[in-house]
Amino acid sequence: MPEVPVSALSFALQKQVESARAAFDRGKPAQAAEQCAKILAEQPACLNVRKLERAALLKLAATRPSGLSKLVQAVSNAPFLLGGSLKLKEEPRLALAHVEKLLRRDPQNIAALGLLGQAAMALDWPETAVFAYEAASDLDHGRPDLLVALSGAYLAAGRAKDAVHAADEALQLQPANADALALHRTASVAVTMAQGKWEQGGDYRGKLADNSQAAKVANRPSPPQP
């Protein structure tokens, strides 16, 4: 199932989206998040609703006093992460459901965001994967693995320039990262092709092989780290 814009939702769901946005604008993030969750239960491929839900959840999280310690949070979140990881390859939709539950409890959980990105890639939702990996990278700028995953998601979404930039950032942190090098090479070729400057000379088959390798990297799940 491809990603779905709000305009492609049923009339009833579009009205619910309008209601959720209105609740968010009125300063009622809890109501907005609840409505978004109901919409996503019916149409999980709608990225705009997922973005609105995250904005509402982050606003809610900012108003809550810190409760459990990080250690206790990690222990309580572990079953959700494990359940999502186990279901990722065979049943990505179930993995998605596990991850959504966790992110609704803790929207800043980097491991859960990483699993969301992997589930989205498995479901062929590249822009949703970009959204997840961008959020995770924003929370931890020093993770080359997240930047590599983000680069792969950008490439899958047809955003080659962004893929080059993310791979560059990963290589600044880890110059010998083979996955980042492969993605950087393939994304750079894609940029050149898009600009109409594909060189006539050179090893054409070699470039295609690089592209195939980068595609494998982009879809290779890397276990998220807390």
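This section describes helix 3, the nonpolar core, and the residues Arg 143 and Asp 179 in a predicted model.

Helix 3 covers residues 47-63. Its 17 residues should span 24 Å at 1.5 Å a residue, and the end C-alpha atoms lie 25 Å apart, so the expected and computed lengths agree. Buried positions along helix 3 are Leu 47, Val 49, Arg 50, Leu 52, Glu 53, Arg 54, Ala 56, Leu 57 and Leu 60. The list thus includes the charged residues Arg 50, Glu 53 and Arg 54. Cover for the buried residues of helix 3 comes from several elements. Among them are helix 1 (11-25) and helix 2 (29-42). Helix 5 (92-105), helix 6 (110-122) and helix 7 also contribute.

Val 49 links helix 3 to the nonpolar core. The largest such core holds 59 residues. Leu 9, Val 49 and Leu 116 have the most contacts inside it. Beyond its neighbours within four places in sequence, Val 49 is in contact with Val 17, Cys 36, Ile 39 and Leu 40.

Arg 143 sits in the loop between helix 7 (126-139) and helix 8 (144-156). Its relative accessible area is 10%, under the 20% cut-off, so Arg 143 counts as buried. The side chain of Arg 143 makes a polar contact with that of Asp 145, at 2.8 Å.

Asp 179 belongs to helix 10 (residues 178-194). Its relative accessibility is 23%, between the 20% and 50% cut-offs, so Asp 179 is classed as partly exposed. Asp 179 and Val 148 are 31 residues apart in sequence. In space, their C-alpha atoms are 6.9 Å apart.

Note on methods
Residues numbered from 1 in each chain as written. Predicted model: local features only at pLDDT ≥ 70, side-chain atom pairs only at ≥ 80, totals over all residues. Heavy atoms only, no water. Helix = DSSP H or I, 4+ residues; strand = E, 2+ residues; numbered from the N terminus. Buried < 20%, exposed > 50% of the residue type's maximum accessible area, 1.4 Å probe, protein only. Polar contact = N/O pair within 3.5 Å; in protein donor to acceptor, adjacent residues only side chain to side chain. Expected span 1.5 Å × (residues − 1). Contact = heavy atoms within 4.5 Å. Core = buried A, V, L, I, M, F, W, Y, C linked by side-chain atoms within 4.5 Å.
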